Amino acid sequence: MELTNFPASAPTATPWDLSTGAALEPSLRPRGGRADTVFRRDNWNNGTALYAPWDRVALSGHPNWVHESPLLAWNQDRNLIFFLERVHELVNCDAYQGI
């Protein structure tokens, strides 16, 4: 996670490979259900962010998400638990297929 200007700015994050000390290769990112969209395997934004309304990078490119997804979009009243709960939901849903 990268937390510059938090909480006024949302965190941004990417899956990390502890063995290489770098972002997880696109082919190894979580998949299944909404994880396919959030952990994009097409190397969107060079794999540096999650494609979700609670991620700073994605939200800055989609300001309409604030109004279209108010329950998921980041705002300064949110905290890290909110961010982590969204990720937890993705990797614990029935459609999740792992990496």
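**A walk from Phe-83 outward**

Start by selecting Phe-83: setting aside neighbours within four places in sequence, you'll find it touching Met-1, Pro-11, Thr-12, Ala-13, Leu-50, Trp-54, Asp-55 and Trp-74. Keep in mind that this is a predicted model.

Next, pull up the largest nonpolar core, which has 16 residues. Val-38, Phe-39, Leu-50, Trp-54, Trp-74 and Phe-83 are the ones touching the most other members. Colour helices H1 (35-38), H2 (56-61) and H4 (80-91), since each of these elements gives two or more residues to the core. H4 supplies the largest share, 3 residues. As a rule, nonpolar side chains in soluble globular proteins tend to be buried together.

Now for the rings. There are 4 aromatic pairs in the structure. Select Phe-6 and Trp-74: the ring centres sit 5.8 Å apart with the planes at 45°, so this pair is tilted. The two come from distant parts of the chain, 68 residues apart, with Phe-6 in the segment before S1 and Trp-74 in the loop between helix H3 (65-68) and H4. Which of them is buried? Trp-74 is, because its relative accessibility is 6%, while Phe-6, at 31%, counts as partly exposed. Add Phe-82 to the selection and you have one aromatic cluster of Phe-6, Trp-74 and Phe-82.

Jump to Trp-44 and Tyr-51 for an edge-to-face pair, 5.0 Å centre to centre and 80° between the planes. Tyr-51 is buried, with 18% relative accessible area against a cut-off of 20%.

Last stop: switch on the surface and select Met-1, Leu-3, Phe-6 and Leu-84. Together they make a nonpolar patch with about 350 Å² of accessible area.

Conventions:
Residues are numbered from 1 along each chain as its sequence is written. This is a predicted model: local features need pLDDT of at least 70, side-chain atom pairs count only at pLDDT 80 or more; totals for chains, interfaces and linings use all residues. Side-chain values use heavy atoms; hydrogens and water are left out. A nonpolar core is a set of buried Ala, Val, Leu, Ile, Met, Phe, Trp, Tyr and Cys residues joined through side-chain atoms within 4.5 Å. Buried means under 20% relative accessible area, exposed over 50%, partly exposed in between (1.4 Å probe, protein chains only). Helices (H or I, at least four residues) and strands (E, at least two) are DSSP runs, numbered from the N terminus. Contact means heavy atoms within 4.5 Å. Patches are made of residues with over 30% relative accessible area and no salt bridge: like charges are joined within 9 Å, nonpolar side chains (Val, Leu, Ile, Met, Phe, Trp, Tyr) within 5 Å. Accessible areas come from the Shrake-Rupley method with a 1.4 Å probe; for residues, only the protein chains shown count as cover. A salt bridge is a side-chain nitrogen of Lys or Arg within 4 Å of a carboxyl oxygen of Asp or Glu. Rings of Phe, Tyr and Trp (its six-membered ring) pair if their centres lie within 6.5 Å; planes under 30 degrees apart count as stacked, over 60 as edge-to-face and the rest as tilted.
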